[in-house]
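Student: I am new to this structure. Could you take me through the labels and the reasons behind them?

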Amino acid sequence: MGSNGSMILILVAMLAVMWLLMIRPEKKKQKKVEEMRNALSVGDEIITIGGIMGRIVHVTDEDITLETGEDRVRIQLKKWAVSNNVKADAAEAKEKAKK
């Protein structure tokens, strides 16, 4: 009976460590990305998950319109396709450099 209790305790401890090291940081990262996508505004320079770079010219609840290059090609994308906000990343790096 005692060995079963210790096995269950070890299993619970392993699950807790796995949650702390793997699942929790991933959820924090997902939350940060979701906040970044919700904070997108006109004029932000972004990079999509496909590698397209451009400037936002229109934002709705679920979509953005992106203008790329000098020829002013406009592409409509879903917000979930945004990978990085270049302006926000640069501002964040500048803030860290001050500290």
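**Labels and their reasons**

Tutor: Start with M22, which has its place in helix α1. Keep in mind that this is a predicted model.

Student: Why is M22 called exposed?

Tutor: The relative accessible area of M22 is 55%. Exposed means over 50%. The value passes that cut-off, so M22 is exposed.

Student: How far apart are the C-alpha atoms of M22 and L77?

Tutor: They are separated by 31 Å. Along the chain, M22 and L77 are 55 residues apart.

Student: What about L15 and I10? Why is L15 called partly exposed?

Tutor: L15 lies in helix α1. Its relative accessibility is 48%. Buried needs under 20% and exposed needs over 50%. The value of L15 falls in between, so L15 counts as partly exposed. I10 is also found in helix α1. I10 has a relative accessible area of 48%, so I10 is partly exposed.

Student: How far is I10 from K31 in space?

Tutor: I10 and K31 are 30 Å apart, C-alpha to C-alpha. In sequence they are 21 residues apart.

Student: Which residues make the nonpolar surface patch?

Tutor: L11, L15, V17, M18, W19, L20, L21, M22 and I23 make it. The patch covers about 890 Å².

Student: What makes L15 and M22 fit the accessibility cut-off for a patch?

Tutor: A patch residue needs over 30% relative accessible area. L15 has 48%. M22 has 55%. Both values pass, so both residues fit that cut-off.

**Salt bridges**

Student: How many salt bridges does the structure hold?

Tutor: It holds 4 salt bridges. One of them joins the side chains of R55 and E67.

Student: What makes the pair R55 and E67 a salt bridge?

Tutor: The N to O distance is 2.8 Å. The cut-off is within 4 Å. The distance meets it, so the pair counts as a salt bridge. This pair links distant parts of the chain. R55 is in strand β2, E67 is in strand β3, and they are 12 residues apart.

Student: Buried or exposed: which word fits E67?

Tutor: E67 has 9% relative accessibility. Buried means under 20%. Therefore E67 counts as buried. Its partner R55 is partly exposed, with a relative accessible area of 34%.

Student: How do you know that K78 and D63 meet in a salt bridge?

Tutor: Their side chains are 3.0 Å apart, N to O. That satisfies the limit of within 4 Å, so the label holds. K78 sits in strand β4 and D63 in strand β3, 15 residues apart. K78 is partly exposed at 36% relative accessibility.

Student: Why is D63 called buried?

Tutor: D63 has a relative accessible area of 18%. The limit for buried is under 20%, so D63 is buried.

Student: Which residue forms a salt bridge with E67 at 3.2 Å?

Tutor: R74 does, and 3.2 Å separates the closest N and O atoms. Salt bridges that share partners join R55, E67, R72 and R74 into one network. R74 is exposed, with a relative accessible area of 55%.

Student: Where is R72, and why is R72 called exposed?

Tutor: R72 has its place in the loop between β3 and β4. R72 reaches 59% relative accessibility. Exposed means over 50%, so R72 qualifies. Its phi is near 60 degrees, a positive value in a residue other than glycine.

**The largest pocket**

Student: What volume does the largest pocket have, and which residues line it?

Tutor: The volume is about 210 Å³. The lining is K32, V33, M36, A39, S83, N84, N85, A88, D89 and E92. The elements α1, β5 and α2 each give two or more residues to that lining.

Student: How do the lining residues divide?

Tutor: They divide into 4 nonpolar, 3 polar and 3 charged.

Student: How far is G43 from E92, and why is G43 called buried?

Tutor: G43 and E92 are 17 Å apart in space, C-alpha to C-alpha, and 49 residues apart in sequence. G43 lies in the loop between α1 and β1. Its relative accessible area is 16%. That is under 20%, so G43 is buried.

How values were computed:
Residues numbered from 1 in each chain as written. Predicted model: local features only at pLDDT ≥ 70, side-chain atom pairs only at ≥ 80, totals over all residues. Heavy atoms only, no water. 1 Å grid on protein atoms, 1.4 Å probe; cavity = no way out; pocket = protein on both sides within 12 Å on 5 of 7 lines; lining within 4 Å. Points joined across faces, edges and corners; volume = space filled by probe spheres on them. Helix = DSSP H or I, 4+ residues; strand = E, 2+ residues; numbered from the N terminus. Nonpolar A, V, L, I, M, F, W, Y, C, P; charged D, E, K, R; others polar. Patch = residues over 30% accessible without salt bridge, like charges linked within 9 Å, V, L, I, M, F, W, Y side chains within 5 Å. Areas by Shrake-Rupley, 256 points an atom, 1.4 Å probe, with all protein chains shown as cover. Buried < 20%, exposed > 50% of the residue type's maximum accessible area, 1.4 Å probe, protein only.
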